[in-house]
Amino acid sequence: MSAIILDNARVVTPDGVVAKSLAFSDGVVGGAPRAGALRIDLHDHMILPGLINAHDHLHLNGIAPLEHLPPFANSYQWIDAWSQTLAEAPGALTAMTRHERYWQGGVKNILAGATTVAHHDPWHVALADPSFPAELLKEFGWCHSLGLGASSPGHRPRYGPAVLESFNATSASMPWIIHLAEGIDDIAAAELEQLEALGCLASNTVLVHGVGLSERDVDRVIGARAAVIWCPSSNRSMFGRTLDARRLFNAGRLALGTDSRLTGSRDLLEELRVAQACSDLTPAELFQLVTTDAARVLRAPRAGELTSRHRADCIILPASGNPCGALLGTTRSDIRAVVRAGVPAVADPDFADWFEHCGIPVVEASLDGRKKLIARKCLAHLRRDAEPGLSLP
């Protein structure tokens, strides 16, 4: 793999911003210097770690949101309403093949600088493709929810693995992820107690949404050293409100996810702005939610930082006085380059030499009206018209 040295950049680290050269070798940060390494002068740029999207349903990003007026009481009501819509108009899931739908989810994330993604659904062969656009969380256990994952003698769960079976099958060193308290009624409010009664609230338990968690519930989550993945766009769309993020953040038990576009935001950059609008978290704190804090919650130690031996995933932006504040004002077309495993995946045309040095064929594209070069392999199974705002030749 080609060695790269990014010179004179402002590199954003967990301790702040430092001006230095950054070397990538064999897909990781650092490594021994090599003859023939490509040097790129980034004196007017800053480099941030690749972002981590802690919750997505990759294959649901090309489906139009469910039209509804009143807020739902809980996610199970929403699921029933969506199932009815699909029964009446099944074409929503057949416009693209399943393979194409997963690929669009990957492209959605990489275009916005989300180089690592946690997919909360059954594994699909498309996700095993070495050319898949984003790095996927692989070592984790999951259940959809208490309502869909409940089982009893002679009855299988409605969807996905059974709650207790999947929890018991997951190593304590890996995260176990479940939608929980996704709603604003008594059903959602009772779910943490039910989970705890099953013996499934532990230090590796990761709860998605948590809108219905009470203050006492938050105490129990923090006390168990469990964590919550916050998806404020989806929560506000479905329920008209979201959780209070402050205490979970202060305890280091919070990460940020987009959910899919079926209920959530366009991408992780937009989700950051929504999170800012409905919390008192600072830009620097929000940045942690999609880098170091997400890596800790998901137990992904090689992601979320640009320090030695971490995976060489990053995004390159024009220089700014406040990198975290600049990130909150960034849209996907503003990103100068998205780098995965030390090589560019998406970049502005003036980075063409970088693609060429790494032997990466590119496609010239337009992203939200701006010219971009995209690694051809990232588009391998993307239907040409699948991603809104992306124009391909």
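**Exercise 1.** Which cysteine sulfur is closest to the sulfur of C231, and why is there no bond between the two?

*Solution.* The model is a predicted one, and the distances below are computed from its atoms. Begin with the general idea that a disulfide is a covalent bond between the sulfur atoms of two cysteines. The cut-off for such a pair is that the sulfur atoms lie within 2.5 Å. Next, take the closest cysteine sulfur to that of C231, which belongs to C278 and lies 11 Å away, so the two are too far apart for a bond. As for its surroundings, C231 is buried, with a relative accessible area of 0%.

**Exercise 2.** Carry out the analysis for C324, and then state how many disulfides the structure holds.

*Solution.* The closest cysteine sulfur to that of C324 is found in C314, and because the separation is 15 Å, it is too far for a bond. C324 is likewise a buried residue, its relative accessible area being 12%, which falls under the 20% limit for that label. For the structure as a whole, the count of disulfides is zero.

**Exercise 3.** Describe the open sheet that contains β10 and β11, working from its strand order to a single pair of residues.

*Solution.* Start with the order, which runs β9-β10-β11-β12-β13 across five strands, with parallel pairing. The edges are formed by β9 (141-145) and β13 (254-256), each of which pairs on one side only. From one strand to the next, the twist averages 25°. Now turn to the pair formed by β10, residues 176-180, and β11, residues 205-209, which are joined in the parallel sense over five bridges. Within this pairing, I178 has L207 of β11 standing opposite.

**Exercise 4.** Is V274 buried or exposed, and which residues does V274 touch beyond four places away in sequence?

*Solution.* First locate V274, which lies in helix α10, spanning residues 268-277. With a relative accessibility of 14%, V274 counts as buried. Leaving aside residues up to four places away in sequence, the contacts of V274 are P232, S233 and R236. By way of a distance, the C-alpha atoms of V274 and V12 are separated by 23 Å, with their positions 262 residues apart along the chain.

**Exercise 5.** Where is T291 found, and which residues does T291 touch once those up to four places away in sequence are set aside?

*Solution.* T291 belongs to the loop that runs between α11 (283-289) and α12 (292-297). Although placed in a loop, T291 counts as buried, at 1% relative accessibility. With sequence neighbours up to four places away excluded, T291 touches P49, G50, L51, I52 and G304.

Notes. Residues numbered from 1 in each chain as written. Predicted model: local features only at pLDDT ≥ 70, side-chain atom pairs only at ≥ 80, totals over all residues. Heavy atoms only, no water. Buried < 20%, exposed > 50% of the residue type's maximum accessible area, 1.4 Å probe, protein only. Pairing = 2+ DSSP bridges. Helix = DSSP H or I, 4+ residues; strand = E, 2+ residues; numbered from the N terminus. Axes fitted to C-alpha atoms, helices over the stretch in contact; angles between N-to-C directions. Contact = heavy atoms within 4.5 Å.
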